[in-house]
Amino acid sequence: MSEKKPNVWEGFKAFLTRGNVVDLAVAVVIGAAFTNIVTSVVKGVINPLVGAIGTKNLDSYSSCLQHPCKVAADGTVQSGIQIMWGSVLGATLSFVITAAVVYFLMVLPMSKYLARAEARRKAKEGTHEIIEVSELEVLKEIRDALVAQRGSGHDGR
């Protein structure tokens, strides 16, 4: 008996048609589109607000580890060892600001919406449960009344 082994093409088709692969692809596309929104909010709103307090460009801040530090106009170090701590600080601030924008504009409102939806669903289930319990109580009372009638009918004969 020879079993037919799935070929590479069938395995690839099975991989692509799996639901989580499609969901991941959609998430990447939406994430890329959302990146533009977050970037424009950070560049258009947050950075000018931060720039009002200090500088918008932190890349110019550095320290010289080995003197003399000479930097060309294009930013390349000609002599010495220069630590560009301003660019690290700028990237860190950009990350924190982006994370805050994502959290406060997307994650927090979505989690509140989902919590409200879950509370409504539980309230609806609770109402349905109360109705089921009251129907069950009525059915028990009918059963008890029928049993009592049947019991009294046998005693009276």
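## Exercises on a predicted chain

Y103 is partly exposed, its relative accessible area being 39%. The model behind these exercises is a predicted one.

**Exercise 1. Describe the overall layout of the chain: how many helices and strands are there, and what pattern do they follow along the sequence?**

Step one is to count the elements, and the secondary structure comes to three helices and two strands. Step two is to read these elements along the sequence, which gives the pattern α-α-β-β-α. Step three turns to the surface: the chain has 157 residues, of which buried residues make up 6%, and its accessible surface comes to about 13200 Å², with 66% of that belonging to carbon and sulfur atoms. The last step looks at contacts between residues at least 6 apart in sequence, among which 37% join residues at least 24 apart.

**Exercise 2. Find the aromatic pairs and decide, for each, how the two rings are oriented.**

Begin with the count, which comes to two aromatic pairs. In one of them, the ring centres of W9 and F12 are 6.0 Å apart and the planes stand at 40°, so this pair is tilted. The reasoning rests on two cut-offs, since planes under 30 degrees apart would count as stacked and planes over 60 as edge-to-face. Next, place the two residues: W9 and F12 both lie in helix α1 (residues 8-17), and because they are three residues apart there, about one helical turn separates them. Their exposure can then be read off, for W9 counts as exposed at 55% relative accessibility, whereas F12 counts as partly exposed at 41%.

The other pair is formed by Y103 and F104, whose ring centres are 5.1 Å apart and whose planes are at 80°, so the pair is edge-to-face. F104 counts as exposed because its relative accessibility is 52% and the cut-off for exposed is over 50%. Y103 sits in helix α3 (residues 85-156), and, when residues up to four places away in sequence are set aside, Y103 touches L108 and P109.

**Exercise 3. Which residues make the nonpolar surface patch, and which element gives the most to that patch?**

First list the members: Y61, L65, I81, I83, W85, L89 and L93 together make a nonpolar surface patch of about 640 Å². Then ask where they come from, and it turns out that β2 (77-83) and α3 each supply at least two residues of the patch. Of the elements, α3 gives the most, with three residues. Finally, take one member as an example: L89 is placed in helix α3, and with a relative accessible area of 38% L89 is partly exposed. This value suits a patch member, because patches are made of residues with over 30% relative accessible area.

**Exercise 4. Locate the salt bridges and state how exposed each partner is.**

A search of the whole structure finds two salt bridges. One joins E118 to R121, and the closest N and O atoms of the two are 2.3 Å apart; this passes the test, because a salt bridge requires the nitrogen to be within 4 Å of the carboxyl oxygen. E118 and R121 are three residues apart in helix α3, so about one helical turn lies between them. As for exposure, E118 counts as partly exposed at 33% relative accessibility, and R121 is likewise partly exposed, with a relative accessible area of 36%.

The other salt bridge is made by the side chains of R143 and D144, with 3.1 Å from N to O. Here R143 is partly exposed, its relative accessible area being 47%, and D144 counts as partly exposed at 43% relative accessibility.

**Exercise 5. How many residues apart in sequence are D59 and S87, and how far apart are they in space?**

Start by placing D59, which belongs to the loop between α2 (19-53) and β1 (63-71). Then compare the two separations: D59 and S87 are 28 residues apart in sequence, while their C-alpha atoms are 4.4 Å apart in space. The next step is to list the contacts of D59, leaving out residues up to four places away in sequence, and these are M84, G86 and S87. To finish, decide whether D59 is buried, exposed or in between: D59 counts as partly exposed, because its relative accessibility is 41% and this class lies between under 20% for buried and over 50% for exposed.

Note on methods. Residues are numbered from 1 along each chain as its sequence is written. This is a predicted model: local features need pLDDT of at least 70, side-chain atom pairs count only at pLDDT 80 or more; totals for chains, interfaces and linings use all residues. Side-chain values use heavy atoms; hydrogens and water are left out. Helices (H or I, at least four residues) and strands (E, at least two) are DSSP runs, numbered from the N terminus. Buried means under 20% relative accessible area, exposed over 50%, partly exposed in between (1.4 Å probe, protein chains only). Contact means heavy atoms within 4.5 Å. Accessible areas come from the Shrake-Rupley method with a 1.4 Å probe; for residues, only the protein chains shown count as cover. Rings of Phe, Tyr and Trp (its six-membered ring) pair if their centres lie within 6.5 Å; planes under 30 degrees apart count as stacked, over 60 as edge-to-face and the rest as tilted. Patches are made of residues with over 30% relative accessible area and no salt bridge: like charges are joined within 9 Å, nonpolar side chains (Val, Leu, Ile, Met, Phe, Trp, Tyr) within 5 Å.
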